Amino acid sequence: MTEQDGKDSKVIRLFPAKDGSRPADSPDGETVGSGAGNPEAVRQTIVGLLGDAEPIPESPPEGPAAPEPGHRNAVLCPQCDQYTWRMTQHCIHCGADLAAYAEERIYRRRRRWAIAGWSILVGSWFVAAGCFYAYNHYYRVLPPKVRGVMMLTALGIVGVNLFLGWITSADSRR
Ligand SMILES: [Zn+2]
């Protein structure tokens with residue numbers, strides 16, 4: 001009986017039986033502790049236990065652990081340089097918006113290509129214009145071979161431009 005009492009004194013019964021005694025059908029040996037029957041004492045005990053409890057550490061918003069660096073879906077976060085998941089929208093370390101970053105990168109790359117493309121295109125127009133000009137104005141000075149190459153170059157540039165223009169308009173019409 002004494003051993004049983006020592007064990008039972010650690011058990012706090014939150015919903016004591018009305019008559020204050022152990023119910024006959026209680027299978028787990030749960031029984032009335034020191035504060036049983038007194039709601040204020042029970043409340044005090046609970047508050048004390050809650051005060052002793054370790055605070056739950058705050059977990060990052062998206063939960064899962066970081067991937068191993070060798071994992072096929074591990075990517076380096078562009079903001080904090082730690083490994084995070086490829087398919088999650090936010091970095092699990094710093095919360096950076098990876099989708100927005102990828103979009104921005106594509107946009108910037110596209111703009112770079114557009115600038116380079118237009119530079120080459122406009123440059124080619126000048127070359128073509130120069131070839132036409134030289135062909136007409138230095139007709140007698142230039143050897144026929146050079147004139148032939150110039151005309152072919154100019155016509156080629158015009159052809160490529162027409163082709164690119166056709167592709168672009170077909171692209172935007174789709
Ligand atoms: Zn990050």
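This is a short chat about the predicted model shown above.

Me: What secondary structure does the protein have?
Reply: The predicted model has four helices and two strands. Going along the sequence, the pattern reads α-α-β-β-α-α.

Me: How much of the protein is buried?
Reply: Just 6% of the 174 residues count as buried.

Me: And what share of the contacts links residues 24 or more positions apart?
Reply: Among contacts with a separation of 6 or more, 23% are between residues 24 or more positions apart.

Me: Let's do the helices. How far does α3 reach?
Reply: From first C-alpha to last, α3 reaches 58 Å with its 40 residues, close to the 58 Å expected at 1.5 Å a residue. α3 is hardly covered, with two buried residues among those 40.

Me: Does α4 lie mostly in the open or is it mostly buried, and why?
Reply: α4 lies largely in the open, because the number of buried residues is three out of 30. Those are Met150, Ala154 and Ile157. Their spacing fits a simple rule: a helix has 3.6 residues a turn, so residues three or four places apart point the same way.

Me: What covers those buried residues of α4?
Reply: The cover includes α3, residues 98–137.

Me: At what angle do α3 and α4 cross?
Reply: The α3 and α4 axes cross at roughly 145 degrees and come within 9 Å. The crossing is left-handed.

Me: Which residues meet there?
Reply: On the α3 side there are Leu121, Ser124, Val127, Ala128, Cys131, Phe132, Ala134 and Tyr135. On the α4 side, the residues are Arg147, Met150, Met151, Thr153, Ala154, Ile157, Val158 and Asn161. By type, the residues of this contact divide into 12 nonpolar, three polar and one charged.

Me: Pick Met150. Why does it count as buried?
Reply: Met150 has 20 C-beta neighbours inside 10 Å, and the cut-off for buried is 20 or more, so Met150 counts as buried.

Me: What does Met150 contact, other than its neighbours within four places in sequence?
Reply: Met150 is in contact with Cys131, Ala134 and Tyr135. As for Tyr133, it sits 17 residues from Met150 in sequence and 9.7 Å away in space, C-alpha to C-alpha.

Me: Back to α4 for a second. How does its span compare with what 1.5 Å a residue should give?
Reply: It agrees: the 30 residues of α4 (144–173) should span 44 Å, and the end C-alpha atoms are 43 Å apart.

Me: What about α2, how many of its residues are buried?
Reply: Zero of its 14, so α2 lies largely in the open too. Helix α2 covers residues 39–52 and reaches 20 Å from its first C-alpha to its last, close to the 20 Å expected.

Me: Switching topic. Which residues make up the largest nonpolar core?
Reply: Cys77, Trp85, Cys91, Ile92 and Leu98, so five residues by the rule that buried nonpolar residues join through C-beta atoms within 7 Å. In soluble globular proteins, nonpolar side chains tend to be buried together.

Me: What is Cys77 in contact with, again skipping neighbours within four places?
Reply: Cys77 is in contact with Gln82, Thr84, Cys91, His93, Cys94 and Ala96.

Me: Last one. Where is Asp81?
Reply: Asp81 lies in the loop between β1 (74–76) and β2 (83–85). Asp81 has a positive phi of about 60 degrees, although it is not a glycine.

Me: Is Asp81 buried or exposed?
Reply: Exposed, because Asp81 has 9 C-beta neighbours inside 10 Å.

Notes:
Residues are numbered from 1 along each chain as its sequence is written. This is a predicted model: local features need pLDDT of at least 70, side-chain atom pairs count only at pLDDT 80 or more; totals for chains, interfaces and linings use all residues. A residue is buried if 20 or more other C-beta atoms lie within 10 Å of its own, exposed if 12 or fewer, and partly exposed in between; C-beta atoms are placed from the backbone. Two residues are in contact if their C-beta atoms, placed from the backbone, lie within 7 Å. The expected span of a helix is 1.5 Å times one less than its number of residues. Axes are lines fitted to C-alpha atoms, for helices over the stretch in contact, and angles run from 0 to 180 degrees between N-to-C directions. A crossing is left-handed if the near helix is turned anticlockwise from the far one by less than a right angle, and right-handed if clockwise. Ala, Val, Leu, Ile, Met, Phe, Trp, Tyr, Cys and Pro count as nonpolar, Asp, Glu, Lys and Arg as charged, and the others, Gly among them, as polar.
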